[in-house]
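Got the viewer open? Here is a short walk through the fold, with something to select at each stop.

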Amino acid sequence: MPSSYLWISALQHALKRNRRDPVSRYFQLATVDHDGYPHVRTVVHRGWGDDGESVLFITDSRSQKVTQLAAHPRVELSWYFSVTRDQFRLSGDAAVYTSTDDSLSYRSRVWSSLSEAAQAQFFWPEPG
């Protein structure tokens with residue numbers, strides 16, 4: 001389904017043009033904590049939502065990101081592609097899908113696409 005947003009096709013094109021650079025899958029995610037302080041970290045792009053317009057990434061449910069997103073779902077993403085020098089800044093509302101959600105299609109799809117090494121990280125000691 002083609003997107004009605006020009007940035008989606010431009011971002012997908014940038015991802016395709018930069019696919020040989022493994023770093024192109026990383027973007028920066030900014031959240032806000034309960035005191036209003038911003039927190040920026042790098043996450044890995046894991047695909048698109050069913051709408052073709054939602055950026056998917058994963059995180060450990062024990063991480064501060066989950067708590068911050070539950071309290072303040074507004075986020076900003078910053079994506080820079082060093083090969084083509086394209087840059088994207090996106091803002092919007094995040095949705096967190098957990099094991100208790102009825103809609104597990106995202107979780108199942110992303111989880112099954114992870115390597116065993118990536119899956120093993122979720123069984124490490126608590127983040128932070």
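Before the first stop, one bit of vocabulary: two strands count as a pair if DSSP finds at least two bridges between them. Also keep in mind that this is a predicted model.

**Stop 1: the sheet**

Select residues 26–32, which make up strand 1, and then add strand 2, which covers 38–44. Seven bridges join the two, and they run antiparallel. To see one of those links, click on Val32: its bridge partner in strand 2 is Pro38.

Now bring in strand 3 (74–81) and strand 4 (86–93). Together you have an open sheet of four strands in the order 2-1-3-4, with antiparallel pairing. Which strands stand at the edges? Strand 2 and strand 4 do; each has a single partner strand, so one side of each has no neighbour in the sheet. Look along the sheet and you'll find that the twist averages 20 degrees from one strand to the next.

**Stop 2: the helix on the sheet**

Select residues 6–17 to pick up helix 1, which packs on the sheet. What does helix 1 touch there? Its contacts are with strand 3 and strand 4, and its direction makes about 130 degrees with that of strand 4.

**Stop 3: a salt bridge**

There are four salt bridges in the structure. For one of them, show the side chains of Asp86 and Arg17, where the closest N and O atoms are 3.9 Å apart. This pair ties together distant parts of the chain, as Asp86 sits in strand 4 and Arg17 in helix 1, 69 residues apart.

**Stop 4: the largest pocket**

Turn on a surface and centre the view on Leu56, Phe57, Ala95, Val96 and Tyr97: of the 33 residues lining the largest pocket, these are the closest to its centre. The volume of this pocket is about 990 Å³. Colour helix 2 (64–71), strand 3, strand 4 and helix 3 (105–113), since each supplies at least two residues of the lining. By class, the lining has 20 nonpolar, seven polar and six charged residues.

**Stop 5: the second largest pocket**

Last, select Ile58, Thr59, Asp60, Gln121 and Phe122, which lie nearest the centre of the second largest pocket, among its 16 lining residues. Its volume is about 370 Å³. Which strand gives the most to this lining? Strand 2 from the first stop does, with three residues. Colouring by class splits the lining into eight nonpolar, four polar and four charged residues.

Key:
Residues are numbered from 1 along each chain as its sequence is written. This is a predicted model: local features need pLDDT of at least 70, side-chain atom pairs count only at pLDDT 80 or more; totals for chains, interfaces and linings use all residues. Side-chain values use heavy atoms; hydrogens and water are left out. Axes are lines fitted to C-alpha atoms, for helices over the stretch in contact, and angles run from 0 to 180 degrees between N-to-C directions. Contact means heavy atoms within 4.5 Å. On a 1 Å grid over the protein atoms alone, a cavity is a set of points where a 1.4 Å probe fits but cannot get out, and a pocket is an open set with protein on both sides within 12 Å along at least five of seven lines; lining residues have an atom within 4 Å of a point. Grid points are joined across faces, edges and corners, and a volume is the space filled by probe spheres set on the points. Ala, Val, Leu, Ile, Met, Phe, Trp, Tyr, Cys and Pro count as nonpolar, Asp, Glu, Lys and Arg as charged, and the others, Gly among them, as polar.
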